[in-house]
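User: Hi! I'm new to this one and would love a quick tour. Could you put it up on the screen so we can talk it through?

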Amino acid sequence: MQELIWLLPTYPLLGFLALVLTAGRLPKNVVAIIGAGSVGLSFLTAAIIAAQFLASGEEYFIKEVWTWMAVGGFTPGFNFYLDGLSLVMMLVITGVGFLIHLYATGYMADDPGYSRFFSYMNLFVAAMLMLVLGDNLVLLYLGWEGVGLCSYLLIGFWYTNPDNGYAARKAFVVTRVGDTAMALGLFLLFAELGTLNIQDMLHAAEAEWEIGNGLAVAAALLLLGGAVGKSAQLPLQTWLPDAMAGPTPISALIHAATMVTAGVYLIARTHILFELAPNVQELVGWVGLITLLMAGFIALTQSDIKRILAFSTMSQIGYMFLALGVGAWSAGILHLMTHAFFKALLFLASGTVILSLHHEQDIFKMGALRQKLPVSFFSFLLGSLALTAFPYTSGYFSKDEILIAAHGMEGPGMIFFYGGVFGAFLTGIYTFRLFFIVFFGESKAAHPPEQEYGGWNMNGPLILLMILSVVGGFIAVPLDPLFGDHEEHHISGLLHAFMIAVPLIGIAISACFFYFKIWSVEKLMASSFAQSLHKFWNSGWGFDWLYDRLFVLPFLWLARINRADIIDSFYGLVVEVSRAANGMIVKTQSGYLRWYALSIAAGLVVLITIGVML
Amino acid sequence: MILLWLISILFIGGIIAWLSERINPNYPRLIALVTVLLDLLLMFSLLGAEPGDGGWVASVDAGWIPRFGISFYLAADGLSVLLLLLTAFLGVIAIGSAWDEIKEQAGFFYFNLLWTLAGVLGVFTALDLFLFFFFWEVMLIPMYFIIAIWGHENKNYAAMKFFIFTQVTGMLMLISILLLAYFHYVQYGALSFNYHDLLAVQTAGRLEMWIMLGFFIAFTTKLPSVPFHSWLPDAHSQAPTAGSVILAGILLKTGAYGLIRFAVPLFPEASMSFAPVAMTLAAISILYCAKVAFAQADIKRLIAYTSVSHMGFVTLGVYAWNEQALQGAVMTMLAHGLSAAALFMLAGGLQHRIHTRNMTDMGGFWAKVPRMAVVALFFSVAALGMPGLGNFIGEFLALLGAFQANITLTVISAFGLIFASVYSLWVIQKVFQGEYANAEFDDSHLSDLTRREMVYFGAMMIGLIWMGMYPQSFLELSQPVLVELINSTESAIAAVVQN
């Protein structure tokens, strides 16, 4: 069966082709069967392959399909590489992906672009699988760009609104800045190490570069550039909140569970390179820490349910980067997996809320929904608990491991640890702020829901994801042979208790504000300082404002002033000069004999002079 | 012999097509199609041919003007075969795009079209530099007529500009060719325009640089590259669709071919010391023209500027002069040939339907013409370098190779990848997305792509996917040629260094 690993991306790719070539002429239930079924088949195949792979006890498995190109020693192939890391990724992508596809068959039921939607979704899954299964960086780059394209197509899915188109282009262009850095990283790695096969490249790097080598630093930095673009980390984080313009299942699949974690995968996949460049690895941690704190503060001030979840995603990926930065590779991937469960759950549940409220996304126009929308309520309850790392939920295990590893790190470890703990405190506040405002209090909905939207195909995935969010932390990820056994770091019981308590304190504070209403946000917001801080955070720390002025407006200005292409005006000048010269010469053809006589005489004089002088 | 046939079939077919108009105005297009298809079929026989001495799969060498050492010498190797196939393939596509569009003087139109193609085939196979120059002119004049007679509102200006740019720089090349032949006379005692003879000519220093520049300017005007590019936007926006297809898809590639076949191998030392300048021009072309493209409202001008930008990767690859970079340049030529031709056909199709090229008047066409939208999306995405499609292979390899030759300029050029996504997606947004806009034009003829159009676009899509997923089919043909060129220039340079 392992030989058949190439089937994984093939199923959804065939689904994509079938849907594109029939161009929306298929009935909806057939589209649903093709769209969700192809990913379901992928998941089944992946599960069987995973079982056999784990039973075989091998460290890795390679399936070569064909040589993509062979150009003077540059020979990337369409080859699949399976090890513990890609195994976890492929199961998350196909498993969570299938649940989201299933949910979407209900969510998108009334959309005229039903077939188009599933064709993009299938293409996305195929590209994402290529990203994590490719054995070389060029194939990874193919998946990398492919998921970016699908992200663009799906963010701009409802294309009649130009705002959606803007959000889609912003996402594509901003991530492409990172992608270009990554491409340069590939050029550098190939020029120095002579291969882009990931394993060969890492071995060559270990053999040729000592720790701290400048080239290793440069290569790691360039790959990090790609990772921060795709994973919406500082400084390329600005596209993610706008990406919420797409249909909600997209936000769950692409902008929470899979694509945005590709940067984490990339760094974990090339972790040897980052270990050769310790400064860059530490930088990864700093990027993660700063992003997770910044996004946490922003999430406190948002009122759109999806944007809150988007900033939360950004923040949680910050934890994954923090894990990578402190060398807790397995913990980072574990958090990637548990986050995929509970964030997909939260996004899908928010989709049900939004549809039940007739496309309302403002949490201040919701309220008191716990009885009307029981499935969403329980989804949010369990998802939020996992997100805040409530003990023994899935998010608890992964975040716990990350923070303990941070505590054990030399150098900035303490800052990483306390910063991460503070981030968990913020997570507790913003998550339950959302939860209490949406599900408790008084109803402020313009159109209060009659009943909860969705049938079995929407509720089934929610229930499964609820289960995974709670118990997902007990899944044993087979990552040890890949990342090696790091010595276990231990922290004192008291510190551990503090660590566990902090998010709970966050929840309690949130409850005091939004459930018991002992404290009042209005009072907190009374001062003008608080208001400007709120505005500042609400605008995402002003990054959009800054980037508009630094990049977008100058580019538009340059484009506008030179619309006519200044180089062309040079040739226009040549034409003018020759016209003028022509005019002057024409004047000499005056027909007056005396002018001709004079010019002949003048010419003679010149000739004689030259003759005499020579 | 087959090469002679390929060219003469087109010349003869062109004359017959012109004459047949008197019998029936629909005959010329039919005859043109049959002629080019026949050529395409004949070319497939070249694919199976065993390469002879020096890798040439076919050649013909007949005396022409022996007194001056001029012969009728055609030969094709893997590189030429790739470009011949591209020419014939796009020739068919161009005839298809003209099928309904060209009604007036159809006979003369197809005559010009076929003669242009014949000139291009000659350029891709001529190994006598005088003959090469002859074909260089043959492809120019019919193209001038295509723009000047069947063009749009400002056609005379555009045609004249095209003519003057190519003619003036062609003259520079002629001077260089004559000088080379003269030096051959001085060094070997006989005049010769034979490529192999001229490779052996020793020129050095400043003089070599000047002669080389004659070729370089002629080729980079055709390519085009900054600062010789400004004829292209005018020519493209005014040419009929078939003219644009030939221009963007094939004629530009003659410039790139000239650089690879002549400019660098004939003057290895001069070219290598000139390489940083050429690569700088390439980087400027890539970024500057991407930026200007973004500012255009005329959709054809926009695509024309993007062509200049993409051709920058070819110059970059050629002057990096290693295997990856050169293969990247060749793949970019092929892939851009298809993607740019398709984009111009889409723009032409739109203009045919709504009589405007102004994007600011358009919007929200997706719901109205979904097939056209998907096709446009495909080719835009191909143009911005999406992996899995041919353009990616070309630009990635060009940059990969260029990185080994000049890191700074490669890094600068790589920013073109970002700009490409900006303008490509902007076109899609402006034309196909947003609210439907039809205030400025009559949309009664705005219909989706016909079945015939879908066949052409489908063929080009398959071509790009093939190039993107299994580029080996193409790379294998050009590989031995490029390796041989690299080796011979390296040994030439080594010889000079030893002396």
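User: Thanks! How many helices and strands are there in chain A?

Analyst: Chain A has 26 helices and 2 strands. Keep in mind as we go that this is a predicted model.

User: Good to know. What does chain A span along its principal axes?

Analyst: The C-alpha trace of chain A spans about 110 × 60 × 55 Å along those axes.

User: And what share of its residues count as buried?

Analyst: In chain A, 54% of the 614 residues count as buried.

User: What about contacts in chain A, how far apart in sequence are the partners?

Analyst: Take the contacts between residues at least 6 apart in sequence: in chain A, 81% of these join residues at least 24 apart.

User: Okay, domains next. How is chain A divided?

Analyst: Chain A has domain 1, covering 285–519, and domain 2, covering 564–613. The centres of these two domains of chain A, taken over C-alpha atoms, are separated by 82 Å.

User: Let's switch to where the chains meet. How many residues are in contact between chain A and chain B?

Analyst: On the chain A side there are 36 residues, in contact with 38 residues of chain B.

User: Which elements of chain A supply at least two residues there?

Analyst: In chain A those are α5 (137–155), α6 (162–193), α24 (543–561) and α25 (566–588). Of the side of chain A that touches chain B, α6(A) gives the most, with 13 residues.

User: Nice. What kinds of residues make up that side?

Analyst: The side of chain A that touches chain B divides into 21 nonpolar, 8 polar and 7 charged residues.

User: Now chain B. What are its domains?

Analyst: Domain 1 of chain B is made of 1–175 + 228–254, while domain 2 of chain B runs over 274–499. Taken over C-alpha atoms, the centres of these two domains of chain B are 22 Å apart.

User: How many residues of those two domains are in contact?

Analyst: 25 residues of domain 1 of chain B are in contact with 30 residues of domain 2 of chain B.

User: Which elements of domain 1 are involved?

Analyst: Giving two or more residues each to the side of domain 1 that touches domain 2 are α3 (78–98), α9 (231–238) and α10 (241–266) of chain B. The largest share, 9 residues, comes from α3(B).

User: And the residue types on that side of domain 1 in chain B? How do they divide?

Analyst: That side of domain 1 of chain B has 12 nonpolar, 10 polar and 3 charged residues.

Terms used: Residues numbered from 1 in each chain as written. Chains lettered and ligands numbered in written order. Predicted model: local features only at pLDDT ≥ 70, side-chain atom pairs only at ≥ 80, totals over all residues. Domains from an automatic or database assignment. Contact = placed C-beta atoms within 7 Å. Helix = DSSP H or I, 4+ residues; strand = E, 2+ residues; numbered from the N terminus. Nonpolar A, V, L, I, M, F, W, Y, C, P; charged D, E, K, R; others polar. Buried ≥ 20, exposed ≤ 12 C-beta atoms within 10 Å, placed from the backbone.
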